[in-house]
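Okay, thanks for coming, everyone. I'll put the model up and then walk you through how its parts fit together.

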There are 2 protein chains.
Amino acid sequence: MTLILSNEDITSVLSIKDCIDDLEAAYLDLDQGIAVTRQRSDTLVPSGDRIYGLKTMDGIAPSAGVGAVRINSDIVTWPSVGDTIRRVKVPAAPNNRYTGLVLLFSIETGQPLAIMPDGVIQRMRVGATSAIGANLLANQGVQEVAVLGSGWQAGAQVLAICAARPEIQTVRCFSPNRDNCEAFVREMSDQVSARIIACRDSKEAIQGAGIVLCATNAIEPVFQEDWFETGMHIGSIKMSEITPDALTKADAVVMHLGHGAPLLTKAAGLEVPDHSQGRGWEMRDRYDFSECLTLPSLVAGREVPRKSPTDRTCFVNDLGLGLQFAVVAARCLKEAEKKGLGHELPTDWFTEKEHP
Amino acid sequence: MTLILSNEDITSVLSIKDCIDDLEAAYLDLDQGIAVTRQRSDTLVPSGDRIYGLKTMDGIAPSAGVGAVRINSDIVTWPSVGDTIRRVKVPAAPNNRYTGLVLLFSIETGQPLAIMPDGVIQRMRVGATSAIGANLLANQGVQEVAVLGSGWQAGAQVLAICAARPEIQTVRCFSPNRDNCEAFVREMSDQVSARIIACRDSKEAIQGAGIVLCATNAIEPVFQEDWFETGMHIGSIKMSEITPDALTKADAVVMHLGHGAPLLTKAAGLEVPDHSQGRGWEMRDRYDFSECLTLPSLVAGREVPRKSPTDRTCFVNDLGLGLQFAVVAARCLKEAEKKGLGHELPTDWFTEKEHP
């Protein structure tokens, strides 16, 4: 049988703790050349006055016995929101839905084991990866965390950092929309034991925090170099969130994998603000990421970037990896099978007698 | 609804004529930068004493309103068969099946329109593409064709060339296994009006043929330069089928798209005879393909490689394109919908409320 899972199924079985543990194991395998992950690709064409993008990434996690392909079939726009330009996906599928899928395959038989949406996994693996980086880079004993952003991704950042560092006592949040920020505080307060507080501005949230996590969908910087205190760790989920001057101020900047820009294939003459991440890639002209360490080498213990408690560290959790989806989807499948969740379809529907 | 189609459904609705027409339109769009196709990627790890490979390719055909991802989840071995090494996929999925899928998406809404196996489409698009190349390169009025090979791919080559050139009277076949060759002749005789004849060796099949189509799974050359007669057109479905000397003898060599080798990501230390196509890529050391014309420019009429009836021409139909799967799968879906074929599943199973 091939299992079709929903985001509800995934939410009910996937813990942030498992997500962190599985990803750590995967980064170790990646460092050792056991696990592999194919560079993300973006293929873009105009679709009316919007852009259609087909984004794919593949990864194989031999330790979990699976390979995965993650596919996003997106309708994308780049509206101005306030002072910033945002990259906005339009839920244009029936019932106002997005299209993002993970297909999970067995490396022993090749067969499709499961098909599931990517949304919940995508959020959890971003949060978990940021927390793995923060845990390896931030000073021990940090009790105060700041989170910039109050959206879908920000929630996972809070869940994950509190799971990775149970000693965290306080999480201070800021986002420009006060109502969103307060709703976020209420929501997250139910999910972690740390105290969650809404702040009036970024500075208030950041001051005194040992770990600052940026999780916005702004494509212009939200973290300024002036705020970068001695000993502080900053995490970012995209390259554009931190100013180049702040990066320069860091004693160590670590990238997720440093794959570089996605492989871009686009229709002739198609112009986008930036092909994938908004203005983030312009950062490459202003900061040289090529010498940065990467997360797998930290997880493997081959690098220890923080040399002193006063060092400023930074983890840029840029660009997702197919491998993340392979291990987290494998976990979801395993747990869902235990609970008997999902729709079972005949595997023969997704395999063939004919030589492909 | 998202439609799940089978190879039986596809066989019952997909004509080689439609396949040729749709692909010609797609190559024209590709030449004009309207359609796009992402370079194939191969991601490989060891799986016991075999190799697990996750192969993906994406393409978007705006004229058909679709994007597609083709996925192969393969168990691969490289056994020696007679004097040659072959790349053999093992049908290791339940019921001795292979895993190859095409996912078709709408570029207007992003939604998944259909999921179908790739096997029949894969064969038909290879045949159709070879025929498009042969039709544009071979002399007018050719009545005799040779086919080397008697397998799954060889059949599509015969179907397609007979559809593209209805004036063809005779197809002479050779393959090393006489029984296979005769079974092939019987099978193909029912499907085309041309006379199909089994030959005792390659030379007998080739002599006097205006078009020679190689369609084997050998990864060492099956066409020798001595056989390359004046005015002859040779087609090949992989780079390794034709000797470098034969290529050098050609007045014009045209590649499918000339994308170059697939993007390879593999486990550390993993060795394969060649990462994807067996020894074919060694050819690149012995023949410079970089200056070759490509099929889209021929379809667009921007290039006319044959300058005289005595020219020898060659079309190397190397490496599949996601775009081929997009247009042919779109055709299959359209025709299947007319006939009410396939399993309908709720599109909500493959979309999500959560932001991906």
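**Domains, chains and sheets**

So, chain A is split by the domain assignment into domain 1 (2–121 + 321–347) and domain 2 (127–316); those bounds come from an automatic or database domain assignment. Quick housekeeping: this is a predicted model, where local features need pLDDT of at least 70 and side-chain atom pairs count only at pLDDT 80 or more, while totals for chains, interfaces and linings use all residues. Residues are numbered from 1 along each chain as its sequence is written, chains are lettered from A and ligands numbered from 1 in the order in which they are written, and side-chain values use heavy atoms, with hydrogens and water left out.

Back to the two domains. Over C-alpha atoms, the centres of domain 1 and domain 2 of chain A are 22 Å apart. In terms of contact (heavy atoms within 4.5 Å), 30 residues of domain 1 of chain A meet 39 residues of domain 2 of chain A. The buried area there is about 2,900 Å², with carbon and sulfur atoms giving 66%. By buried area I mean the accessible area (1.4 Å probe) that two parts lose on being put together, summed over both.

How many salt bridges cross between domain 1 and domain 2 of chain A? The rule finds 1, where a salt bridge is a side-chain nitrogen of Lys or Arg within 4 Å of a carboxyl oxygen of Asp or Glu. A:Arg302 pairs with A:Asp31 in a salt bridge, with 2.4 Å between the closest N and O atoms. That domain interface also has 10 residue pairs in polar contact, both at pLDDT 80 or more. For a polar contact, take a pair of N or O atoms within 3.5 Å; within protein, one must be able to donate a hydrogen and the other to accept it, and residues adjacent in sequence count only if both atoms are side-chain atoms.

Which element gives the most to the domain 1 side of chain A that touches domain 2 of chain A? That's strand 2 of chain A, with 10 residues. Helices (H or I, at least four residues) and strands (E, at least two) are DSSP runs, numbered from the N terminus.

While we're on salt bridges, have a look at helix 2 of chain A: A:Lys17 and A:Asp21 both sit in it, 4 residues apart, about one turn of the helix. Their side chains meet in a salt bridge at 2.9 Å, N to O.

Now the two chains together. Chain A and chain B each put 75 residues into the contact, and the area buried between them is about 6,400 Å², 63% of it from carbon and sulfur atoms. There are 2 salt bridges between chain A and chain B, and A:Arg97 forms one with B:Asp348, closest N and O atoms 3.5 Å apart. Polar contacts across this interface come to 38 residue pairs, both at pLDDT 80 or more.

Last, the sheets. Chain A has an open sheet of 8 strands, ordered 12-11-10-13-14-18-15-17, with parallel pairing; two strands pair if DSSP finds at least two bridges between them. Strand 12 (195–198) and strand 17 (293–294) of chain A are at the edges with a single partner strand each, so one side of each has no neighbour in the sheet. Strand 11 (residues 170–174) of chain A pairs with strand 12 of chain A over 4 bridges, in the parallel sense. In chain B, 8 strands form an open sheet with parallel pairing, in the order 13-12-11-14-15-19-16-18.
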